[in-house]
Amino acid sequence: MSFKVTYAIDTLDTSPEVKFFDRFNEVEDYLSEEVERRVQWTVDHSQTSISEEERQTLEEIEHSLITIEQFQE
């Protein structure tokens with residue numbers, strides 16, 4: 001099995017990032033790192049302090065921008 005991961009910048013993104021993986025644990029590793037990187041960028045560039053609840057909301061938003069497709073080669 002192989003996996004296709006599509007990760008948009010926002011809901012209107014017409015050119016989302018697309019990556020292919022051979023194993024699901026590679027998908028998990030990539031998404032864990034990428035979600036953390038994007039959320040941390042938002043936190044670092046925020047003009048106000050971000051609470052833990054707001055950070056969790058940011059993570060949920062990031063996860064909503066991801067689609068994973070499984071296919072056979």
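A residue is called buried when its relative accessible area is under 20%, and Arg38, at 10% relative accessibility, therefore counts as buried in this predicted model despite the charge at the end of its side chain.

**Arg38 and its partners**

The side chain of Arg38 meets that of Glu17 in a salt bridge, with 3.5 Å from N to O. This pair links distant parts of the chain, since Arg38 belongs to helix α1 while Glu17 belongs to strand β2 (residues 17–21), and the two are 21 residues apart. The charged end of Arg38 also sits over the ring of Tyr7, at 3.5 Å from the ring centre. Tyr7 is itself one of the residues of the largest nonpolar core.

**Salt bridges**

A search of the whole structure finds 8 salt bridges, and three of them are set out below.

| Pair | Closest N to O distance | Relative accessibility of one partner |
|---|---|---|
| Glu17 and Lys19 | 3.7 Å | Lys19, 32% |
| Arg38 and Glu17 | 3.5 Å | Arg38, 10% |
| Glu34 and Arg37 | 2.5 Å | Glu34, 10% |

Side chains of opposite charge can pair when their charged atoms come close. Glu17 takes part in two of the tabulated pairs, with Lys19 and with Arg38, and because its relative accessibility is 31%, Glu17 counts as partly exposed. Lys19 likewise counts as partly exposed, at 32%. Glu34 and Arg37 both lie in helix α1, 3 residues apart, which corresponds to about one turn of the helix. Within that pair Glu34 is buried, at 10% relative accessibility, whereas Arg37 is partly exposed, with a relative accessible area of 49%. Through shared partners, salt bridges join Glu17, Lys19, Glu34, Arg37, Arg38 and Glu62 into one network.

**The nonpolar core**

In soluble globular proteins, nonpolar side chains tend to be buried together. Here the largest nonpolar core has 12 residues in all, among them Phe3, Val5, Tyr7, Phe21, Tyr30, Leu31 and Ile66. At least two residues of this core come from each of β1 (2–7) and α1 (24–44), and α1 gives the most, with 5 residues.

Val5 offers a view of the surroundings of one core member: leaving aside residues up to four places away in sequence, Val5 touches Glu17, Val18, Lys19, Phe21, Val27, Tyr30, Leu31, Ile66, Thr67 and Ile68. The contacts of Val5 thus include Glu17 and Lys19, the two residues that form a salt bridge with each other, as well as Phe21 and Tyr30.

**Aromatic pairs**

The structure holds 3 aromatic pairs. One of them is formed by Phe21 and Tyr30, whose ring centres are 5.5 Å apart and whose planes make an angle of 35 degrees, an arrangement described as tilted. Both partners belong to the largest nonpolar core; Phe21 counts as buried at 13% relative accessibility, and Tyr30 is buried with a relative accessible area of 13%.

**An exposed residue after β3**

Glu73 is found in the segment that follows β3 (66–71), and at 78% relative accessibility Glu73 counts as exposed. Apart from residues up to four places away in sequence, Glu73 touches Ser2 and Asp22. Measuring between C-alpha atoms in the model, Glu73 and Glu53 are 41 Å apart in space, while their separation in sequence is 20 residues.

Terms used. Residues are numbered from 1 along each chain as its sequence is written. This is a predicted model: local features need pLDDT of at least 70, side-chain atom pairs count only at pLDDT 80 or more; totals for chains, interfaces and linings use all residues. Side-chain values use heavy atoms; hydrogens and water are left out. A nonpolar core is a set of buried Ala, Val, Leu, Ile, Met, Phe, Trp, Tyr and Cys residues joined through side-chain atoms within 4.5 Å. Buried means under 20% relative accessible area, exposed over 50%, partly exposed in between (1.4 Å probe, protein chains only). Helices (H or I, at least four residues) and strands (E, at least two) are DSSP runs, numbered from the N terminus. Contact means heavy atoms within 4.5 Å. A salt bridge is a side-chain nitrogen of Lys or Arg within 4 Å of a carboxyl oxygen of Asp or Glu. Rings of Phe, Tyr and Trp (its six-membered ring) pair if their centres lie within 6.5 Å; planes under 30 degrees apart count as stacked, over 60 as edge-to-face and the rest as tilted. A charge sits over a ring if NZ of Lys or CZ of Arg is within 6 Å of the ring centre and within 35 degrees of the ring normal.
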